[in-house]
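The following questions and answers examine a protein chain and its predicted model. Each answer closes on the value or name requested.

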Amino acid sequence: GNVPSWSPDGKKLAYCGRRESTGSNVVVMDADGKNPVVIGEGYEAAFSPDWKRLAFTSYRDQSGVLKLY
């Protein structure tokens with residue numbers, strides 16, 4: 001499912017928001033909902049335990065295969 005992911009320090013939230021067309025964008029924002037940043041097309045975003053990386057799946061390379069980034 002599309003469950004939001006909190007950063008380990010609780011200051012950021014990553015989620016997948018629907019675009020106007022088909023698909024979904026990975027968005028990271030502050031815990032208070034401010035400063036949203038669109039990372040790009042993707043699904044199932046999750047922070048790494050050390051918060052140094054954000055993992056998500058995407059069809060971004062146009063191969064038609066869902067890949068982990």
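Q: How many helices and how many strands does the protein have?
A: In this predicted model, the elements from the N terminus on run β-β-β-β-β-β-β. The counts for the protein are therefore 0 helices, under a rule that asks for at least four residues, and, for strands, 7.

Q: In what order do the strands of the 4-stranded open sheet lie?
A: The pairing in this sheet is antiparallel. Its edge strands are β1 (5–6) and β4, each of which pairs on one side only. The order is β1-β2-β3-β4.

Q: Which residue of β2 stands opposite Ser5?
A: Strands β1 and β2 pair in the antiparallel sense over 2 bridges. Within β2, the residue that stands opposite Ser5 is Ala14.

Q: Which residue of β4 stands opposite Val26?
A: Strand β3 pairs with strand β4 (residues 37–41) in the antiparallel sense, and 4 bridges connect them. Opposite Val26, the residue in β4 is Gly40.

Q: Which residue takes a positive phi in the hairpin of β3 and β4?
A: This hairpin has 6 residues between the strands. The phi in question lies near 90°. The residue that takes this positive phi is Gly33.

Q: Is Lys34 buried or exposed?
A: Lys34 lies in the loop between β3 and β4. Its relative accessibility is 54%. Because the threshold for this class is over 50%, Lys34 counts as exposed.

Q: What distance separates the C-alpha atoms of Lys34 and Lys11?
A: Along the chain, Lys34 and Lys11 are 23 residues apart. In space, their C-alpha atoms are separated by 11 Å.

Q: Which side chains meet in a salt bridge?
A: The structure holds 1 salt bridge. Its N to O distance is 2.6 Å, and the criterion is within 4 Å. The side chains that meet are those of Lys12 and Asp30.

Q: How many residues apart are Lys12 and Asp30?
A: The side chains of Lys12 and Asp30 meet in a salt bridge. This pair links distant parts of the chain, with Lys12 in strand β2 (residues 12–18) and Asp30 in strand β3 (residues 24–30). The number of residues by which they are apart is 18.

Q: Is Asp30 buried or exposed?
A: Lys12, the partner of Asp30 in the salt bridge, is partly exposed at a relative accessible area of 24%. Asp30 has 17% relative accessibility. Because the limit for the class is under 20%, Asp30 counts as buried.

Q: Which are the edge strands of the sheet formed by β5, β6 and β7?
A: Here 3 strands form an open sheet in the order β5-β6-β7, with antiparallel pairing. An edge strand pairs on one side only, and the two in this sheet are β5 (43–47) and β7 (67–68).

Q: Which residue of β6 stands opposite Phe47?
A: Strands β5 and β6 run antiparallel and are joined by 3 bridges. In their hairpin, which has 6 residues between the strands, Trp51 takes a positive phi near 65°. Opposite Phe47, the residue in β6 is Leu54.

Q: Which residue of β7 is the bridge partner of Ser58?
A: Strand β6 (residues 54–58) and β7 run antiparallel, joined by 2 bridges. The bridge partner of Ser58 in β7 is Lys67.

Q: Which elements give two or more residues to the largest nonpolar core?
A: This core has 7 residues in all, namely Ala14, Cys16, Val26, Val28, Ala45, Phe47 and Phe56. The elements that give two or more of its residues are β2, β3 and β5.

Q: What distance separates the C-alpha atoms of Val3 and Ala46?
A: Val3 is placed in the segment before β1 and counts as exposed at 60% relative accessibility. Val3 and Ala46 are 43 residues apart along the chain. Their C-alpha atoms are separated by 8.9 Å.

Q: What radius of gyration does the protein have?
A: The C-alpha atoms fill a box of roughly 35 × 25 × 20 Å along the principal axes. With 69 residues, a compact globule would have a radius of gyration near 11 Å. The value for the protein agrees with this, at 12 Å.

Technical notes:
Residues numbered from 1 in each chain as written. Predicted model: local features only at pLDDT ≥ 70, side-chain atom pairs only at ≥ 80, totals over all residues. Heavy atoms only, no water. Buried < 20%, exposed > 50% of the residue type's maximum accessible area, 1.4 Å probe, protein only. Pairing = 2+ DSSP bridges. Core = buried A, V, L, I, M, F, W, Y, C linked by side-chain atoms within 4.5 Å. Rg over C-alpha atoms; globule rule 2.2 N^0.38 Å.
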